[in-house]
Amino acid sequence: MWNLFQQPVEKESFESWGKMCDDIAKVALLALPVILYSKESLEFRSLNILFLCIIAYACLTIGRIFRRAFKEK
């Protein structure tokens, strides 16, 4: 349990990391309307929306990498 990154990595670990990255991306996308309709300034909202989109894209990309590594093993 304490050796999460010990080699060889189990297939289930790749699968769960991929699903977790997908879930983080979904939460980032679901947070967009909350940021959009907040009472903050337009620049602050725009910057936060940009950051959330970058986070969602990065998490989807990392999830895809984990799923590909899972299929190869």
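Trainee: Where is I55?
Mentor: I55 sits in helix α3. Keep in mind that this is a predicted model.

Trainee: Is I55 buried, exposed or partly exposed, and why?
Mentor: I55 counts as partly exposed because its relative accessible area is 40%, and the partly exposed class runs between 20% and 50%.

Trainee: Which nonpolar surface patch is I55 part of?
Mentor: I55 belongs to a nonpolar surface patch of about 720 Å². Its other members are W17, M20, I24, L47, L50, F51 and I54.

Trainee: Which helices supply at least two residues of that patch each?
Mentor: Helix α1, residues 11–30, and helix α3, residues 42–72, each do so.

Trainee: And where does the largest share come from?
Mentor: From α3, with 5 residues of the nonpolar patch.

Trainee: W17 was in that list. How accessible is W17?
Mentor: W17 has a relative accessibility of 34%, so it counts as partly exposed.

Trainee: New topic. How many aromatic pairs are there?
Mentor: The count comes to 1 aromatic pair. The rings are those of W17 and F66, with centres 6.1 Å apart and planes at 50°.

Trainee: Why is that pair called tilted?
Mentor: Because the planes of W17 and F66 stand at 50°, while stacked needs under 30 degrees and edge-to-face needs over 60.

Trainee: Where in the chain are the two rings?
Mentor: W17 is in helix α1 and F66 is in helix α3, so the pair links distant parts of the chain, 49 residues apart.

Trainee: Now charges. How many salt bridges does a search of the whole structure find?
Mentor: The search finds 2 salt bridges. One of them joins K19 to E15, where the closest N and O atoms are 3.3 Å apart.

Trainee: Where do K19 and E15 lie?
Mentor: Both are in helix α1, 4 residues apart, which is about one turn of the helix.

Trainee: How accessible are those two?
Mentor: K19 is partly exposed at 48% relative accessibility. E15 is also partly exposed, with a relative accessible area of 34%.

Trainee: And which residue forms a salt bridge with R67?
Mentor: D22 does, and the closest N and O atoms are 2.8 Å apart. R67 lies in helix α3 and D22 in helix α1, so this pair ties together parts that are 45 residues apart in sequence.

Trainee: Is D22 buried or exposed?
Mentor: D22 is buried, because its relative accessible area is 18% and the cut-off for buried is under 20%. Its partner R67 counts as partly exposed, at 37% relative accessibility.

Technical notes
Residues are numbered from 1 along each chain as its sequence is written. This is a predicted model: local features need pLDDT of at least 70, side-chain atom pairs count only at pLDDT 80 or more; totals for chains, interfaces and linings use all residues. Side-chain values use heavy atoms; hydrogens and water are left out. Patches are made of residues with over 30% relative accessible area and no salt bridge: like charges are joined within 9 Å, nonpolar side chains (Val, Leu, Ile, Met, Phe, Trp, Tyr) within 5 Å. Accessible areas come from the Shrake-Rupley method with a 1.4 Å probe; for residues, only the protein chains shown count as cover. A salt bridge is a side-chain nitrogen of Lys or Arg within 4 Å of a carboxyl oxygen of Asp or Glu. Buried means under 20% relative accessible area, exposed over 50%, partly exposed in between (1.4 Å probe, protein chains only). Rings of Phe, Tyr and Trp (its six-membered ring) pair if their centres lie within 6.5 Å; planes under 30 degrees apart count as stacked, over 60 as edge-to-face and the rest as tilted.
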